Every structure is written in C-alpha cells, then in structure tokens.
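This report describes the fold of one protein chain, element by element. Please keep the sequence and the structure in view while reading.

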Amino acid sequence: MISNRLHDHVQVGDTIELSSPSGNFVLQNKEEGQPQVFISGGIGQTPLLAMVEDLIFNKNTDQPIVWVHGCRNERVHAFKNRLRELSAANLAFQNHLFYEQQEAENGNIKCGIVDLQQIEDKILLDDANYYLCGPAGFIRKQYEYLKQAGVDPSSIHFEEFGPASLSLN
C-alpha cells in the first residue's frame, strides 16, 4: 500500500515525514554458531538483507548463514551486487538463487521458482532458524516444505510482503 501511495502521490522534491523501522520481524536466538537460513521471494529480500548485514558486519560471526532468493531474472534482481559483497565479506555466507527466466543453471543459480528440495542439503541444518519473506503463497509453500522436512515450526519466522493475511504458526 505504501509503495503504491508513494509512486502515485509523491513527487521528486516533496517533503515527507518518516519514522524509524518497526515491527517484530527480527533475528531470533542469535546464539553463537547457530545457523540462520533466509528464504525470500521478490522484494521480500529487503528485511532479510538487513538481518544478514547485522550478522556479518555487527556480529562478525562465522556461524552458517544461508541465503535463498527467487525472482524473475538477473536483470530485475535487486541487491545482487550487495549479495556478492556479503559473500566476499564472510566465508560462512552461502548464496543460492533461483531465476524463473534462466535458461541454464550456473553455479549457485538454479532455473525456475524457489524449490527448497533442490538444495535441501544446504538448508536443512541442525538448530537453524528460518526466516521467510515474500508473497503469501510463497511463504506458505516454503513453510509447508520446512515443516514436512522436520523443521520445528517455532524455528520458522516469517513476514508477508503485502497485507498480512497468513496465520501459520
């Protein structure tokens, strides 16, 4: 709603009042060494990226950090250069991408929509926390997969990118 309002009614040069970010979608159980797995669709990566940056730059941790992201293609992939920087800054950071409009797999880039089963050996980690962000259908699909794979629902945290309508936990 806010993005549409800004695009439709705010012009370059307008002054607007903003508040600091708020909400309850934050890193959980940041115990040293505990794996953190971030799974996003589209622009849902935005809040997750802030969490990863906090782990890498403020906590300076060597705990496993796994990033899984899906979008249409490389051309529309926001923050792709930042992900390269994070990979270079921390060897414990793993980056797995899914592009719907990709003709061939290339290293950590898979073809199609996010399919956690394709990389389950990389994401199903003991005592991990899982963070999901994206559209409702995306979150529901990833949540159900993780539950069926044996992940405790209390270790799965999510925020819907759009009007909050999901109730999974």
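## Strand β2

In this predicted model, the side chains of strand β2 alternate in direction: Ile65, Trp67, His69 and Cys71 point one way, while Val66, Val68 and Gly70 point the other way. Residues on both sides of β2 are buried. The count for the strand is 7 buried residues out of 7, and β2 is therefore described as mostly covered, given that a residue is buried when its relative accessible area is under 20%.

## Strand β1 and its neighbours

How many of the residues of β1 are buried? The number is 6 of 6, so β1 is largely enclosed by the rest of the structure. From β1, Gln36, Phe38 and Ser40 point one way, whereas Val37, Ile39 and Gly41 point the other way; all of them are buried.

Strand β1 is joined to β2 by 6 bridges, and these two strands run parallel. Within this pairing, Val37 stands opposite Val66 in β2, and Ile39 stands opposite Val68 in β2. Strand β1 (residues 36-41) is also joined to strand β5 (residues 129-134), here by 5 bridges, and this pair likewise runs parallel. Val37 stands opposite Tyr130 in β5. Val37 thus has a partner in β2 and a partner in β5.

## The sheet as a whole

The strands of a sheet pair through backbone hydrogen bonds, and the pairing may be parallel or antiparallel. In this model, 6 strands form an open sheet with parallel pairing, in the order β4-β3-β2-β1-β5-β6. Which strands lie at the edges? They are β4 (109-111) and β6 (156-160), each of which pairs on one side only. From one strand to the next, the twist averages 15°.

Two helices may be described in relation to this sheet. Helix α3 packs on the sheet and touches β2 (65-71) and β3 (93-99); the direction of α3 makes about 155° with that of β3. Helix α5 (residues 136-148) lies across β1, β5 and β6, and runs at about 160° to β5.

## Helices α2 and α3

Helix α2 (residues 45-58) packs with helix α3 (residues 80-89) at an angle of about 25°, and their axes are 11 Å apart. Because angles under 35 degrees count as roughly parallel, α2 is roughly parallel to α3. The crossing of the two helices is left-handed.

Which residues make the contact between α2 and α3? On the side of α2 they are Gln45, Leu49, Val52, Glu53, Ile56 and Phe57, and on the side of α3 they are Arg82, Leu83, Leu86 and Ala89. By class, this contact has 7 nonpolar residues, 1 polar residue and 2 charged residues.

## Three selected residues

Ile109 is found in strand β4. Its relative accessibility is 12%, so Ile109 counts as buried. Leaving aside residues up to four places away in sequence, Ile109 touches Leu97, Tyr99 and Gln102. Tyr99 is 10 residues from Ile109 along the chain, and the C-alpha atoms of these two residues are separated by 7.1 Å.

Gly134 is found in strand β5. With a relative accessible area of 0%, Gly134 is buried. Its C-alpha atom is separated by 7.3 Å from that of Glu159, which is 25 residues away along the chain. Asp126, by contrast, lies in the loop between α4 (120-123) and β5. Is Asp126 buried or exposed? Asp126 counts as exposed, because its relative accessibility is 67%. Asp126 and Gln34 are 92 residues apart in sequence and 8.4 Å apart in space, taken from C-alpha to C-alpha.

## The chain overall

The protein chain holds 5 helices and 6 strands. Read from the N terminus, the elements follow the succession α-β-α-β-α-β-β-α-β-α-β. Of the 169 residues in the protein chain, 39% are buried.

The contacts of the chain can also be grouped by separation in sequence. Among contacts between residues at least 6 apart in sequence, 66% join residues at least 24 apart.

Key: Residues are numbered from 1 along each chain as its sequence is written. This is a predicted model: local features need pLDDT of at least 70, side-chain atom pairs count only at pLDDT 80 or more; totals for chains, interfaces and linings use all residues. Side-chain values use heavy atoms; hydrogens and water are left out. Axes are lines fitted to C-alpha atoms, for helices over the stretch in contact, and angles run from 0 to 180 degrees between N-to-C directions. Helices (H or I, at least four residues) and strands (E, at least two) are DSSP runs, numbered from the N terminus. Angles under 35 degrees count as roughly parallel, over 145 as roughly antiparallel, 65 to 115 as roughly perpendicular and the rest as oblique. A crossing is left-handed if the near helix is turned anticlockwise from the far one by less than a right angle, and right-handed if clockwise. Contact means heavy atoms within 4.5 Å. Ala, Val, Leu, Ile, Met, Phe, Trp, Tyr, Cys and Pro count as nonpolar, Asp, Glu, Lys and Arg as charged, and the others, Gly among them, as polar. Two strands pair if DSSP finds at least two bridges between them. Buried means under 20% relative accessible area, exposed over 50%, partly exposed in between (1.4 Å probe, protein chains only).
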